[in-house]
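This report is a short introduction for a reader who is meeting the structure for the first time. Please look over the sequence and the model before going on.

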Amino acid sequence: MKRTCKCHGVSGSCSVQTCWLQLAEFRDIGNHLKVKHDQALKLEMDKRKIRSGNSADNRGAIAELIFLEDSPDYCLKNASLGLQGTEGRECLQSGKNLTQWERRSCRRLCTECGLKVEEKKIEIVSSCNCKFHWCCTVKCEQCKQIVIKHYCSKRERNSDNMFIRRKSRHQR
């Protein structure tokens, strides 16, 4: 929450000021939560015996966010959790008016999951040159357009016959 104020008065004299608490911008809140997530500590439960407190008591660091289990790996398909993985997912490589987040989508979805970015040319058929005919019909032509789309696909195997993949934050 942040304090926001607005001035009222003749010619902006600010003779009266109205203030209120306002939520921060959505992006700022998201960035703050991401930092907290990255700083989260795993709480290891002492399985030998139950006692007051926990095994994180003597770590010397206080975390605002803790977790008990590692997050599932979004890169890999996991049917029991309903995760599709990123193989075959479309990503945004380039284009007009892409946000900084969108420009990084191929790196986040493909490269960071050990996949490569594959470029495919796709033919799209859509209605075009539509004309209204009196009364009550619209006739259109079918226009074909070739667009380039990018997808995550498996990399070639290395000499050890294993896929190279960057570990997620909780697996390091």
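## Aromatic pair

The model shown here is predicted, and it contains 1 aromatic pair. That pair is formed by Phe132 and Trp134, whose rings meet edge-to-face, with 6.2 Å from centre to centre and 80 degrees between the planes.

Phe132 counts as exposed because its relative accessibility is 53%, and exposed residues are those over 50%. Trp134 is likewise exposed, since its relative accessible area is 78%.

## Charges over rings

Two further aromatic residues have a charged side chain placed over them. Arg108 lies over the face of Trp101, at 3.7 Å from the ring centre, while the charged end of Lys120 sits over the ring of Tyr151, 5.0 Å from the centre of that ring.

## The sheet

An open sheet is built from 3 strands in the order β5-β7-β6, with antiparallel pairing. Its edge strands are β5, covering residues 90-91, and β6, covering residues 115-133, each of which pairs on one side only.

Strand β7, which spans residues 137-154, runs antiparallel to β6 and is joined to β6 by 17 bridges. Within this pairing, Val125 stands opposite Lys144 of β7. In general, the strands of a sheet pair through backbone hydrogen bonds.

## The nonpolar core

The largest nonpolar core is made up of 6 residues, namely Cys91, Cys106, Leu109, Cys110, Leu115 and Cys152. If residues up to four places away in sequence are not counted, Cys91 touches Cys106, Leu109 and Cys110, and also Ser105, Val117 and His150.

Methods: Residues are numbered from 1 along each chain as its sequence is written. This is a predicted model: local features need pLDDT of at least 70, side-chain atom pairs count only at pLDDT 80 or more; totals for chains, interfaces and linings use all residues. Side-chain values use heavy atoms; hydrogens and water are left out. A nonpolar core is a set of buried Ala, Val, Leu, Ile, Met, Phe, Trp, Tyr and Cys residues joined through side-chain atoms within 4.5 Å. Buried means under 20% relative accessible area, exposed over 50%, partly exposed in between (1.4 Å probe, protein chains only). Contact means heavy atoms within 4.5 Å. Two strands pair if DSSP finds at least two bridges between them. Helices (H or I, at least four residues) and strands (E, at least two) are DSSP runs, numbered from the N terminus. Rings of Phe, Tyr and Trp (its six-membered ring) pair if their centres lie within 6.5 Å; planes under 30 degrees apart count as stacked, over 60 as edge-to-face and the rest as tilted. A charge sits over a ring if NZ of Lys or CZ of Arg is within 6 Å of the ring centre and within 35 degrees of the ring normal.
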